[in-house]
Amino acid sequence: MKLAPSNPGPLLRVPARMLKRLRAVVASTVVACAVLAGAGLAGTGLSGAGALGMTLPAPPAGPPAQVGGLRVCERGDTTYLLDRSGRVRSLTYARLVPDNRLWVRQSYDRAGRLTGLSVSWSGFAGRLLDVRGSFDARGRLVKESGFRARGVTTPLRSYLRAVPKGVTC
């Protein structure tokens, strides 16, 4: 077995193959942290600042932000888009952990009925799920399209979050 050269200091012998893999993991983690710091996780309502040891400034005071005439409200890890009458038109949440990313967006019509769902899930092994679903007026899944990795059979409905009553900005 060939051993990797060691640095002066505490003696630790690691097989070259393992050392190469470890260096790749460390390099990808450094790149991911740099990307998170640069992107600020725009649009997700989340930040990688805590993981990077940074302090974020307080959000600006004033009226809630608006996107295309819809008000943007953030509650915890969930972002809501509300129309003028206060109905939720979109609900988005994301879960980001070091080697795993889940992003979900639920869309609703003017009557408050679910019309669409997008789920994107990737992990250490790569892309696991990138699926969109369309729902009829009765809430039944009528079409699903996109990519599912082999063995990923979780129904789209399991990613749905209930819309709380009376979300206000």
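**Exercise 1. Aromatic pairs and charges over rings**

Task: Determine how many aromatic pairs this predicted model contains, and find which ring lies under the charged end of R127 and which under that of R161.

Solution: Begin with the cut-off, by which rings of Phe, Tyr and Trp pair if their centres lie within 6.5 Å. Applying this rule gives a count of zero aromatic pairs. Next, turn to the charged side chains: the charged end of R127 sits over the ring of F147, at 4.0 Å from the ring centre, and the charged end of R161 sits over the ring of Y93, at 3.7 Å from the centre of that ring.

**Exercise 2. The surroundings of L91**

Task: Work out whether L91 is buried or exposed, and which residues it touches.

Solution: First locate L91, which is found in strand β4, covering residues 88-97. Its relative accessible area is 0%, and because buried means under 20%, L91 counts as buried. Then look at its contacts beyond four places in sequence, among them T78, Y80, V104, Y108, R161 and V163. Finally, consider one of these partners, R161: the C-alpha atoms of L91 and R161 are 8.3 Å apart in space, although the two residues are 70 residues apart in sequence.

**Exercise 3. The hairpin of β7 and β8**

Task: Describe how strands β7 and β8 are joined, and say which residue between them takes a positive phi.

Solution: Start with the strands, β7 (residues 126-135) and β8 (residues 141-148), which run antiparallel and are joined by seven bridges. One bridge to follow is that of F135, whose partner in β8 is L141. Between the strands of this hairpin there are five residues, and in the hairpin G139 takes a positive phi near 85°.

Terms used
Residues are numbered from 1 along each chain as its sequence is written. This is a predicted model: local features need pLDDT of at least 70, side-chain atom pairs count only at pLDDT 80 or more; totals for chains, interfaces and linings use all residues. Side-chain values use heavy atoms; hydrogens and water are left out. Helices (H or I, at least four residues) and strands (E, at least two) are DSSP runs, numbered from the N terminus. Buried means under 20% relative accessible area, exposed over 50%, partly exposed in between (1.4 Å probe, protein chains only). Contact means heavy atoms within 4.5 Å. Two strands pair if DSSP finds at least two bridges between them. Rings of Phe, Tyr and Trp (its six-membered ring) pair if their centres lie within 6.5 Å; planes under 30 degrees apart count as stacked, over 60 as edge-to-face and the rest as tilted. A charge sits over a ring if NZ of Lys or CZ of Arg is within 6 Å of the ring centre and within 35 degrees of the ring normal.
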